[in-house]
Amino acid sequence: QLQLVESGGGLVQPGGSLRLSCAAPGFTLDYYPMGWFRQAPGKERERVSCISRGGGSTNYADSVKGRFTISRDSAKSTVYLEMNMLKPDDTAVYYCVALLYYCSDPVKWGQGTQVTVSS
């Protein structure tokens with residue numbers, strides 16, 4: 001059964017950077033459009049970004065445009081979220097998701113990784 005495993009979260013100062021990774025041990029992610037969601041304490045889950053199967057199309061929430069970059073490496077069957085110029089408002093649990101269609105609702109969720117932006 002497909003399982004998504006995120007890594008790369010942690011504590012970072014405002015203005016800093018982190019790179020999240022998402023892999024599926026024993027499976028290839030090539031068949032799936034992929035994405036990232038996040039949920040901050042007391043807030044609803046928010047779609048952060050999505051990427052097409054081939055990686056040629058990407059989409060971002062307005063709140064992260066120009067600061068976050070989603071990408072995928074087919075050889076490693078891994079999806080990344082590069083996060084720069086991090087702000088305290090970016091503090092959340094970040095979830096990797098597999099999608100049925102590009103930017104559609106998720107069909108599979110990872111367990112989440114905590115990102116905390118604080119001085």
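Is S49 buried or exposed? S49 is buried, because its relative accessible area is 1%, under the 20% cut-off. The legends below describe a predicted model.

**View 1. S49 sits in strand β5 and is buried**. Strand β5 spans residues 46–51 and holds S49. The side chain of S49 reaches the backbone oxygen of N59 at 2.8 Å. Contacts of S49 beyond four places in sequence are M34, G35, W36, N59, Y60, I70 and L81. N59 thus appears twice, as a contact of S49 and through its backbone oxygen.

**View 2. Strand β4 is largely enclosed**. Strand β4 covers residues 34–39. Of its 6 residues, 5 are buried, so the rest of the structure largely encloses β4. Strand β5 pairs with β4 in the antiparallel sense, over 5 bridges. Strand β9, residues 92–99, is also antiparallel to β4 and is joined to it by 6 bridges. G35 marks both pairings: C50 stands opposite G35 in β5, and V97 stands opposite G35 in β9. G35 is also among the contacts of S49.

**View 3. A hairpin links β4 and β5**. There are 6 residues between the two strands. In the turn, G42 has a positive phi of about 75°.

**View 4. Side chains alternate along strand β7**. In a regular strand, side chains alternate between the two faces of the sheet. Strand β7, residues 68–73, shows this alternation. F68, I70 and R72 point to one face and are buried. T69, S71 and D73 point to the other face and are not buried. I70, on the buried face, is one of the residues in contact with S49.

**View 5. Strands β7 and β8 run antiparallel**. Strand β8 spans residues 78–83 and is joined to β7 by 6 bridges. F68 stands opposite M83 in β8. The hairpin of β7 and β8 has 4 residues between the strands. Within this hairpin, S77 takes a positive phi near 50°.

**View 6. S77 is buried in the loop between β7 and β8**. What is the relative accessible area of S77? The value is 11%, so S77 falls under the 20% cut-off and is buried. Setting aside neighbours within four places in sequence, S77 is in contact with C22, A23, A24, F27, T28 and L29.

**View 7. The structure holds 1 cavity of 30 Å³ or more**. About 30 Å³ of space lies in the largest cavity. Its lining is formed by L29, D30, R72, D73, S74, S77, T78 and V79. Strands β7 and β8 are the elements that give two or more residues to this lining. By class, the lining has 2 nonpolar, 3 polar and 3 charged residues. L29 and S77 both line the cavity, and the two are in contact. R72 belongs to the lining and to the buried face of β7. D73 also lines the cavity, but points to the other face of β7 and is not buried.

**View 8. S57 is partly exposed in the loop between β5 and β6**. Strand β6 covers residues 58–60. S57 has 33% relative accessibility, so it counts as partly exposed. Beyond four places in sequence, S57 touches C50, I51, S52 and Y102. S57 and Y102 are 45 residues apart along the chain. Their C-alpha atoms are separated by 8.5 Å. C50, touched by S57, is the residue opposite G35 in the pairing of β4 and β5.

Definitions and conventions
Residues numbered from 1 in each chain as written. Predicted model: local features only at pLDDT ≥ 70, side-chain atom pairs only at ≥ 80, totals over all residues. Heavy atoms only, no water. Buried < 20%, exposed > 50% of the residue type's maximum accessible area, 1.4 Å probe, protein only. Pairing = 2+ DSSP bridges. Polar contact = N/O pair within 3.5 Å; in protein donor to acceptor, adjacent residues only side chain to side chain. Contact = heavy atoms within 4.5 Å. 1 Å grid on protein atoms, 1.4 Å probe; cavity = no way out; pocket = protein on both sides within 12 Å on 5 of 7 lines; lining within 4 Å. Points joined across faces, edges and corners; volume = space filled by probe spheres on them. Nonpolar A, V, L, I, M, F, W, Y, C, P; charged D, E, K, R; others polar.
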